[in-house]
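Me: I should like a close look at one part of this model, namely its salt bridges. Please then set the account beside other local features of the chain.

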Amino acid sequence: MQDRQRTPGRFVGSSDGTSTTGPAGDSSQQEQEQAVARRRNFAIISHPDAGKTTLTEKLLLYGGAIQQAGAVRARGEQRRVTSDWMELEKQRGISITSTVLQFDYGAHTINLLDTPGHQDFSEDTYRTLAAADNAVMLEDAAKGLEPQTRKLFQVCRLRRIPLFTLINKMDRPGREPLELVDEIEQELGLLCWPVNWPVGSGDQFRGVIDRRSRQAILFRRGERGRQARELEMSVEDPRLGELVEEHLLHQALEELELLDGAGADLTLEAVHQGDLTPVFFGSAMTNFGVHPFLKAFLELALPPMARTSSAGRIDPLSSQFSGFIFKLQANMDPRHRDRVAFLRVCSGTFERDMVAHHARSGKAVRLSRPQKLFGQDRSVVDRAYPGDVIGLNNPGVFAIGDTLYQGRKVEYEGIPCFSPEIFSWLHNPNPSAFKGFRKGVNALREEGTVQILYDTDPGKRNPILAAVGQLQLEVVQHRLEHDYGVPTRLEPLGFTTARWVTGGWPALEALGRLFNCKAVRDSWNRPVLLFKNSWNLQQLHGDHPELGLAAVAPVVSGMEPIAL
Ligand code: G4P
């Protein structure tokens with residue numbers, strides 16, 4: 001995946017030696033520099049119910065992007081009632097798409113890459129993380145690490161992006177903070193540096209102590225509001241003893257001392273390398289701790305940096321525009337049967353109506369009608385900078401991982417395929433509808449709605465749908481029927497795990513006959529092994545330790561996938 005030079009506060013020149021000063025001159029160069037320095041982009045990873053929607057809403061309140069608490073949730077409800085947008089979403093009452101929320105806070109422009117709430121769509125979340133420069137891991141204080149958070153953490157780990165941890169719901173009884181921190185260190189192998197530390201929890205939650213300033217920030221129950229004015233005072237202040245029970249303060253200070261005695265130092269380098277996570281405690285619902293978190297996040301997060309491409313590292317300050325597509329979404333507005341491709345800008349300045357090259361096809365494309373999407377609202381974008389995400393109208397030209405560029409050819413590394421967990425034959429019961437069936441399956445694969453695998457027996461021509469969650473399969477069936485007029489039938493295969501054979505077909509053939517697994521080919525004709533359970537996978541590992549198996553497929557570039 002993208003590998004970036006991490007030099008905090010400084011941008012690295014592009015390896016191709018091109019000047020970072022563009023033909024447009026110094027003033028536009030300066031504007032671009034300022035825009036990049038101002039930008040911070042991140043995605044939130046969490047298990048359902050940890051409070052992602054609540055936190056998102058509070059962050060948007062701080063940014064002035066929404067005016068009242070409840071607006072994000074209310075939007076969802078209103079949408080379900082009044083809009084005919086995406087029938088399936090309505091039926092399920094869940095959000096299955098993700099977009100970007102941009103807002104200004106102080107001197108910064110923040111891009112929050114919103115990810116689907118439902119875990120069945122985590123493949124979409126994985127791809128969104130490919131476009132994020134930072135991630136925020138949100139935990140419920142009573143639950144600690146949960147399955148979905150663990151999975152998403154692994155995706156962050158692949159790219160080693162900076163990870164910030166916010167332990168939420170401190171106003172409710174939770175686990176011991178030391179235990180929560182220890183769990184992250186032990187299970188994820190990630191060093192923790194608590195930036196603030198809680199005083200009490202649940203009914204006795206009194207606030208947090210900022211570790212660097214030794215200021216206590218007091219929690220006042222029952223306060224909600226736009227920007228809670230947090231009461232702050234030094235831990236040495238004698239008034240604190242009147243406001244907080246002595247034993248709670250004593251315990252927090254003692255634990256802080258323990259933390260100071262052990263563990264690593266907080267350095268920008270360790271955060272930016274993804275080796276150390278700054279940890280915060282708060283309560284998103286009561287808006288407590290969100291402001292201190294946001295302030296520290298902006299201080300410590302990574303700005304848009306140079307990214308690796310076929311032409312070396314591309315500096316965000318390069319005068320030439322470039323970016324890559326990380327997500328496709330069809331039929332956001334069924335009346336127009338539209339398709340939107342989400343582009344992460346990596347370098348240069350994007351301008352409305354500009355003509356850029358499409359690296360995969362070599363064609364020039366006019367990027368007209370670029371959009372910024374805020375929930376379901378859209379506005380036309382005139383300009384966008386590195387770190388931003390824009391929605392482009394996609395007349396079937398763009399696929400996930402595609403690069404768009406101006407000037408010298410560049411191609412970003414693309415987005416890998418993540419290991420699916422559900423597999424099903426897709427049958428088309430009506431042979432006369434094969435044309436629509438083929439068209440639909442190819443389009444949905446290209447959009448990344450689902451992965452498509454094929455049997456190694458050429459006689460078995462039905463595609464195998466491979467997904468992370470069951471809902472993905474339902475979306476495929478729904479879309480085939482409603483958009484392509486083809487009702488289909490699913491036949492589960494009963495496998496739960498997939499691994500790519502890194503040595504390709506020769507490595508697989510060298511093994512001879514295999515038991516308890518099935519070999520299939522992916523859309524790039526690479527061998528994939530399917531297993532019924534992890535025990536069968538371990539067994540193969542044991543029998544053939546020399547066989548390389550990967551849970552994430554390497555990125556393919558410059559090759560067209562097999563179409564049905
Ligand atoms: P999600 O997007 O991660 O799935 O979580 P969401 O924000 O929807 O929050 C899940 C539930 O947890 C919500 O309650 C929400 O109000 C609650 N919650 C979020 N943050 C906090 C917090 O800091 N403290 C406490 N006590 N609760 C919190 P719900 O009952 O499911 O919904 P609602 O009735 O509040 O709308």
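Reply: What follows begins with the salt bridges and then turns to a charged patch, a helix, a strand and several loops.

The structure is a predicted model, and a search of the whole of it finds 20 salt bridges. As a matter of principle, side chains of opposite charge can pair when their charged atoms come close. Three of these pairs are described here in turn.

One salt bridge brings together the side chains of Arg383 and Glu31, with a nitrogen-to-oxygen distance of 2.6 Å. Arg383 belongs to strand β21 (residues 383–384) and Glu31 to helix α1 (residues 26–38), so this pair ties together parts of the chain that are 352 residues apart in sequence. Arg383 is partly exposed, because its relative accessibility is 39%. Glu31 also counts as partly exposed, its relative accessibility being 34%.

A further pair is that of Arg150 and Glu187, whose closest N and O atoms are 2.7 Å apart. This salt bridge links distant parts of the chain, since Arg150 is in helix α6 (residues 147–159) and Glu187 in helix α7 (residues 177–188), 37 residues apart. With a relative accessibility of 28%, Arg150 is partly exposed. Glu187 is likewise partly exposed, at a relative accessible area of 43%.

The third pair involves loops. Glu245 forms a salt bridge with Arg206, and the closest N and O atoms are 2.8 Å apart. Glu245 lies in the loop between α8 (240–243) and α9 (246–261), and Arg206 in the loop between β7 (196–199) and β8 (207–210); the pair therefore ties together parts that are 39 residues apart in sequence. Glu245 is partly exposed, with a relative accessible area of 28%. Salt bridges that share partners also join Glu31, Glu351 and Arg383 into one network.

Charged side chains also appear in another arrangement. Lys435, Arg438, Lys439 and Arg461 gather in a patch of positive charge on the surface. Among them, Lys439 is found in helix α12 (residues 434–447). Lys439 has a relative accessible area of 57% and therefore counts as exposed, the cut-off for that class being over 50%.

Helix α11 (residues 290–300) presents another picture. This helix is mostly covered, with eight of its eleven residues buried. The buried residues of α11 are Val290, Pro292, Phe293, Leu294, Ala296, Phe297, Leu298 and Leu300. In general, an α-helix has 3.6 residues a turn, so residues three or four places apart point the same way.

The loop between β11 and α11 contains Asn287. Asn287 is a residue other than glycine with a positive phi, near 65°. At 1% relative accessibility, Asn287 is buried. Another positive phi, of about 70°, is found at Asp353, which is not a glycine either. Asp353 is located in the loop between β16 (350–351) and β17 (355–358). Its relative accessible area is 36%, and Asp353 is therefore partly exposed.

Strand β11 (residues 276–281) holds Thr277, and Pro278 is also placed in strand β11. Thr277 is buried, with a relative accessible area of 0%. Pro278 is buried as well, at 0% relative accessibility. The side chain of Thr277 reaches the backbone oxygen of Leu163 at a distance of 2.6 Å. Pro278, for its part, is twelve residues from Leu266 in sequence, and the two are 7.7 Å apart in space, C-alpha to C-alpha.

The last residue to be considered is Ser419, which is in the loop between β24 (417–418) and β25 (422–427). Ser419 counts as buried because its relative accessibility is 15%, and buried means under 20%. The side chain of Ser419 reaches the backbone oxygen of Ala498 at 3.0 Å. A polar contact of 3.5 Å also joins the side chain of Ser419 to that of Arg499.

Note on methods. Residues numbered from 1 in each chain as written. Predicted model: local features only at pLDDT ≥ 70, side-chain atom pairs only at ≥ 80, totals over all residues. Heavy atoms only, no water. Buried < 20%, exposed > 50% of the residue type's maximum accessible area, 1.4 Å probe, protein only. Helix = DSSP H or I, 4+ residues; strand = E, 2+ residues; numbered from the N terminus. Patch = residues over 30% accessible without salt bridge, like charges linked within 9 Å, V, L, I, M, F, W, Y side chains within 5 Å. Areas by Shrake-Rupley, 256 points an atom, 1.4 Å probe, with all protein chains shown as cover. Salt bridge = Lys/Arg side-chain N within 4 Å of Asp/Glu carboxyl O. Lys, Arg positive; Asp, Glu negative; His and termini not counted. Charge placed at Lys NZ, Arg CZ, Asp CG, Glu CD. Polar contact = N/O pair within 3.5 Å; in protein donor to acceptor, adjacent residues only side chain to side chain.
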